[in-house]
Amino acid sequence: MSKMLEKARNYELTQGQQIKAEERPAFHISPYVGWMNDPNGFSCYKGEYHLFYQYNPYQTQWDSMHWGHVVSKDFLHWDYLPAALAPDEDYDKIGCFSGSAIELEDGRQLLMYTSVQQEKLDDGTVRDVQTQSVAVGDGLDYEKYAGNPVLTAKDLPEGASKADFRDPKIWKEEDGCYYCVIGSRPADGSGQILLYRSKDGFQWEFVSILDENQNRYGKMWECPDFFELDGKYVLLTSPQDMLPEGLEYHNGNGTLCVIGELDPETHKLKEQFSQSVDYGIDYYAMQTLLAPDGRRIMIAWMQNWDTLAYRRNDSKWFAQMSLPRELSIKNGRLYQVPVRELDAMRTNKVAYTDVVIKDTRITLDQVEGRTVDLELVIRPEDKTNVYEKFELRFAENEKYHSALSFRPHESVLKIDRKFSGSERAVIHQRRCQVNKDSNELKLRVVLDRYSVEVFINDGEQVMSAVILTDQDAKGISFFADGAAKIDLVKYDLV
Ligand code: FRU
């Protein structure tokens, strides 16, 4: 093991253990200590789910990317393992950037990641050079391959930049070959997804440009994933520098899901549908795995590069992963629901039906808490006189609250955390177009100590946001302008 990795492992062990369990999310992954961004290597290996993550143990800021490592049997209770990779080689000394993992034929686990180094240009400026490298291990310790890097500038199609060539996602096909998709920047300055193939995971060849952005959805496409689901092919990617399109895409670092067919001859995606993956404030760099039972499960960084200023200065860790979500395709749309394993954490069921809320704010007995699973159906009390606005507040006390509000006449659901304790002027709201054809809105709201994830109409859309409010703000209340009628089931998540 390199000195650098050993140092990181010692540091995280002594520092990470000092963080009390109550200071972390209860069932969302947070870094052992320090900074975390993208999920990497989300995979199943020897009967356990592994997740690696972009990691700087030494500070709660992005720097010197290592790979952190956690394992779980149920996607919700995660154990920390020692850091898996450090940027300790010449070819990755600027960082071990994002990548993925797979089990090899011989039972070893292969990690494939973007190795970053720098080069000096003729004009004296320095720029990153991104290549792909691999490491093999036993689920705990990994050794970088002597033949690294395995994909370099010479494997790029013409015009593609060697400074933006990153985030390999690997999988195995029925033809016995490994494939991977990698984000790339073509000469037009936007993004494209490259497809590569390998017989053994070490020797790779270029196959095709799977899909091209052509400056439609942001610019560079980061962190691609590609898989078959419910008879369609799905490309997930996280575009940088996006412009909003109505309420569908928002500014900055966004998420994109393209659904289509795969041309088996040309290995190109024939696009049919596109949408955001998440409509909340914090969601980026999603990655999926195929579980042994056939479920396609997605996790993401529940954070946004544009809102890093929303943070707690008293915390020794920064950022979390989203809940793992089960995916499906219905009517050309991506649906997401929390992994069914979450049901086992539900306790203390409280149910109410036909509660009328009219021009007033109410609370309901036993409906409060910060680790909660809440199912709500909201309808107009009088179909001929539909209410103007319904609001659900949570993480609430006299000083703080966050809210979801629905305006049926506009079919807009809004999340708002500006009163959640933030002292910074960053984005605290986002709106989502929902319920075009119906007056009945169905929500599943999953609260963990420092987040909310809202599953709308059985997962047709999701809104995720970090909520950093003090834990004693645990009130939940309901308001309607006009008369709304709700059914509610609430569980504590334990
Ligand atoms: C996305 C990203 C990836 C890169 C990693 C570096 O959030 O920019 O493209 O590999 O973060 O930490």
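A pocket is here an open set of points on a 1 Å grid with protein on both sides within 12 Å along at least five of seven lines, and a residue lines the pocket if it has an atom within 4 Å of a point. The model to which this is applied is a predicted one.

**Exercise 1.** Determine which residues lie nearest the centre of the second largest pocket, and describe its lining by class.

*Solution.* Begin with the space itself, which is about 350 Å³. Next, take the 15 lining residues, of which R311, R312, N313, G421 and E423 lie nearest the centre. Finally, sort the lining by class, which gives four nonpolar, five polar and six charged residues.

**Exercise 2.** Describe the largest pocket by its volume, its lining residues and the strands that supply them.

*Solution.* The volume of the largest pocket is about 680 Å³. Its lining has 25 residues, with I102, W171, K172, L290 and R296 the closest to the centre. Strands 1, 5, 9, 13 and 17 each supply at least two residues of this lining, and the largest share, five residues, comes from strand 13. By class, the lining has 14 nonpolar, three polar and eight charged residues.

**Exercise 3.** Identify the surroundings of the ligand and the side chains that approach its oxygen atoms.

*Solution.* Of the 13 residues around the ligand, D38, Q54, R166, D167 and E222 come nearest. With 3.5 Å as the cut-off for a polar contact, the side chain of N37 has an N or O atom 3.0 Å from a ligand oxygen, D38 places a polar side-chain atom 2.7 Å from one, and for D167 the distance is 2.5 Å. The protein buries 94% of the 320 Å² that the ligand exposes when taken alone.

Key
Residues are numbered from 1 along each chain as its sequence is written. This is a predicted model: local features need pLDDT of at least 70, side-chain atom pairs count only at pLDDT 80 or more; totals for chains, interfaces and linings use all residues. Side-chain values use heavy atoms; hydrogens and water are left out. A residue is near a molecule or strand if one of its heavy atoms lies within 4 Å of it. A polar contact is a pair of N or O atoms within 3.5 Å; within protein, one must be able to donate a hydrogen and the other to accept it, and residues adjacent in sequence count only if both atoms are side-chain atoms. Accessible areas come from the Shrake-Rupley method with a 1.4 Å probe; for residues, only the protein chains shown count as cover. On a 1 Å grid over the protein atoms alone, a cavity is a set of points where a 1.4 Å probe fits but cannot get out, and a pocket is an open set with protein on both sides within 12 Å along at least five of seven lines; lining residues have an atom within 4 Å of a point. Grid points are joined across faces, edges and corners, and a volume is the space filled by probe spheres set on the points. Helices (H or I, at least four residues) and strands (E, at least two) are DSSP runs, numbered from the N terminus. Ala, Val, Leu, Ile, Met, Phe, Trp, Tyr, Cys and Pro count as nonpolar, Asp, Glu, Lys and Arg as charged, and the others, Gly among them, as polar.
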